[in-house]
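Colleague: Please pick one part of this model and take a close look at it. A first-year student will read the answer, so explain each term where it comes up.

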2 protein chains.
Amino acid sequence: MGSDRLFVTDCINEVNNRLEKLFDEREIEPKLYEAMWYSVSAGGKRVRPVLSILANRLVGGEMEEALDMACAIELIHTYSLIHDDLPALDNDRLRRGKLTNHIVFGEAFAILAGDGLLNMAFEVMLDNALRHRENLENHVLAMDYVAKAAGVSGMISGQTADILNEDVDEENIDINIVDKIHINKTGKLFAAALCAGAIIGKSTREEVLAVETFGRKIGLAFQITDDILDVTGTETSLGKSVGKDVEAKKMTFPHVYGLDNSIKIADDLIKEAKDALQIFGSKAKDLIMLADYLIKRTN
Amino acid sequence: MGSDRLFVTDCINEVNNRLEKLFDEREIEPKLYEAMWYSVSAGGKRVRPVLSILANRLVGGEMEEALDMACAIELIHTYSLIHDDLPALDNDRLRRGKLTNHIVFGEAFAILAGDGLLNMAFEVMLDNALRHRENLENHVLAMDYVAKAAGVSGMISGQTADILNEDVDEENIDINIVDKIHINKTGKLFAAALCAGAIIGKSTREEVLAVETFGRKIGLAFQITDDILDVTGTETSLGKSVGKDVEAKKMTFPHVYGLDNSIKIADDLIKEAKDALQIFGSKAKDLIMLADYLIKRTN
């Protein structure tokens, strides 16, 4: 276990260093750079890029080829946080223990920084694809996967449904909707991170489907854990405002299923997620360790 | 000239029909769909997609292969308008003769609709690339071109500089900055539309450079004409608020060079743009006709 944990730490360091280089390489207007980098460097858990690199490694890929795809997915995740925190959306003032982007840089720059990060994610992936022309078709397939997961039939649709389903009273709760919101908001990008890594690593169709199932299930469990922590956690431990979901009567799992049931659902999802990786045998131990960490976390 | 004008009209119809299909093909949350489609269907001039298709045709490409790339560029342009109109940015209430997106759908949906359109642009280009695998490398090169033009070293950087350079008094005007803002805001995406079309059509390096020069110059002329119309036009003829640039002391050409000089600069740019197409001979007549139209327009 020791060496696996080290590999995950290595991954995180590689991602952080590479993100810094990707920013340094670009000619970005200084204040925009500052706003973008503020949120990218705000100390996220780098779960999505690590998943992507681990899935790539699982099927025999090379870190060098997978790293930029992983970083691009983190850029997409970061842009979504900046825009979600805006006053017109979730109106949050705290994120990862720091003031949110629009509080520090103003709304105009938070909007532009988010736009810039989403666009930059595709620049990074496309440049990386062009550096690996012998594997170009897989890069395009992987990008297509990520684009769909991040888009209007994925993450953006989840955020939309989230907003539309605020202020719902108990008697009007639709259990199918809360599942769908979470799958779209988190599950699909988790799955895409894994699938993209695997596809670039020249995985078989069966392997892609396995990591996709794993990704959707841990993504959903991750989001449920987030919702649980919004109820049970503290602002200090989480680094973000708590109790806001309840206040906004958001369609969260604790709101719909109650706290104890939500914990059980998350546990079951993690079990099912691990089962999906059986075809890989012991090679999947890094991903399994990560899945366990994701619901045991306290922030 | 008659048949060329017809071909441009055909292009516009093809783009409009294809945009409708691209929306219909997708599973988009109804209110988000409505917000996105509202701005996409708001009757833009479709200049960028037409340029892209004409450049593709100029080098012997097929409309079928170039159409989705052209539509994607229009989606990018539309997202940029929605976000630019937001209260935190230009705070516009009128665009293309209609209320702006955030006035109709609220700020949250205007932000999400913009995000959705930018992301969808890449989905559309990637899907199109995967339908033309025999020409995959050119598609990736074309996408890379578009991504860079739209991003933090292109359009987004132009918008950033635009905001940062509001409220500048006469004595502090830097002529280099106004050029740079316009090249980034408009010139680069115009050029990218042309280059992407040409690259997909398997153009030579010389041909790409020629349409790139043409694109930058007509893009700059187009933006200068926009600024001139902001001074000389009416809200009715333009379908958007006028006089706002002056009020905000924006770094526009009329503000920096005066009205008469700005008209001359735009004329000269169009002449230089046409010169850049000499290598194509009479085959470039559609593009030349379009260049003339762009500065003679009144809206």
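Modeller: The part chosen is helix H8 of chain B, and the account runs from the helix itself to its partner in the other chain and then to the whole contact.

Residues are numbered from 1 along each chain as its sequence is written, while chains are lettered from A and ligands numbered from 1 in the order in which they are written. The model is predicted, and local features need pLDDT of at least 70, side-chain atom pairs count only at pLDDT 80 or more, and totals for chains, interfaces and linings use all residues.

H8(B) is mostly covered, with 9 of its 10 residues buried. (Helices are DSSP runs of H or I with at least four residues, strands are runs of E with at least two, and both are numbered from the N terminus. Buried means 20 or more other C-beta atoms, placed from the backbone, within 10 Å of the residue's own; 12 or fewer is exposed, and in between is partly exposed.) The buried stretch starts with Met155(B), Ile156(B), Ser157(B), Gly158(B) and Gln159(B), and goes on with Thr160(B), Ala161(B), Asp162(B) and Ile163(B).

What do the buried residues of H8(B) pack against? Within chain B, the partners are H4, H7 and helix H9 (175-200). From chain A, helix H2 (30-40) and H6 are also partners.

One of these pairings can be followed in detail. Helix H6 of chain A, residues 107-131, packs with H8(B) at an angle of about 165°, and the two axes are 10 Å apart. That angle makes H6(A) roughly antiparallel to H8(B). (Axes are lines fitted to C-alpha atoms, for helices over the stretch in contact, and angles run from 0 to 180 degrees between N-to-C directions. Under 35 degrees is roughly parallel, over 145 roughly antiparallel, 65 to 115 roughly perpendicular, and the rest oblique.)

On the H8(B) side, the residues that meet H6(A) are Ile156(B), Gln159(B), Thr160(B) and Ile163(B). Opposite them in H6(A) are Ala108(A), Leu112(A), Asp115(A), Gly116(A) and Asn119(A). (Two residues are in contact if their C-beta atoms, placed from the backbone, lie within 7 Å.) By type, this contact divides into 4 nonpolar, 4 polar and 1 charged residue. (Ala, Val, Leu, Ile, Met, Phe, Trp, Tyr, Cys and Pro count as nonpolar, Asp, Glu, Lys and Arg as charged, and the others, Gly among them, as polar.)

H8(B) is part of a wider contact. Chain B puts in 44 residues and chain A puts in 44 residues. On the side of chain B that touches chain A, two or more residues come from each of helix H2 (30-40), helix H6 (107-131), helix H7 (136-150) and helix H8 (155-164). H6(B) gives the most to this side, with 15 residues. The residues of this side of chain B comprise 24 nonpolar, 8 polar and 12 charged.

How are the two chains placed relative to each other? A turn of 180° and a shift of 0.0 Å along the axis lay chain B on chain A with an RMSD of 0.0 Å. That is the relation of a two-fold axis. (The superposition is by least squares on the C-alpha atoms of residues with pLDDT of at least 70 in both copies.) Asp115(B) is the residue of chain B that comes closest to the rotation axis, with its C-alpha at 3.6 Å. Because 100% of the interface residues of chain B are also interface residues in chain A, the copies meet through the same surface.
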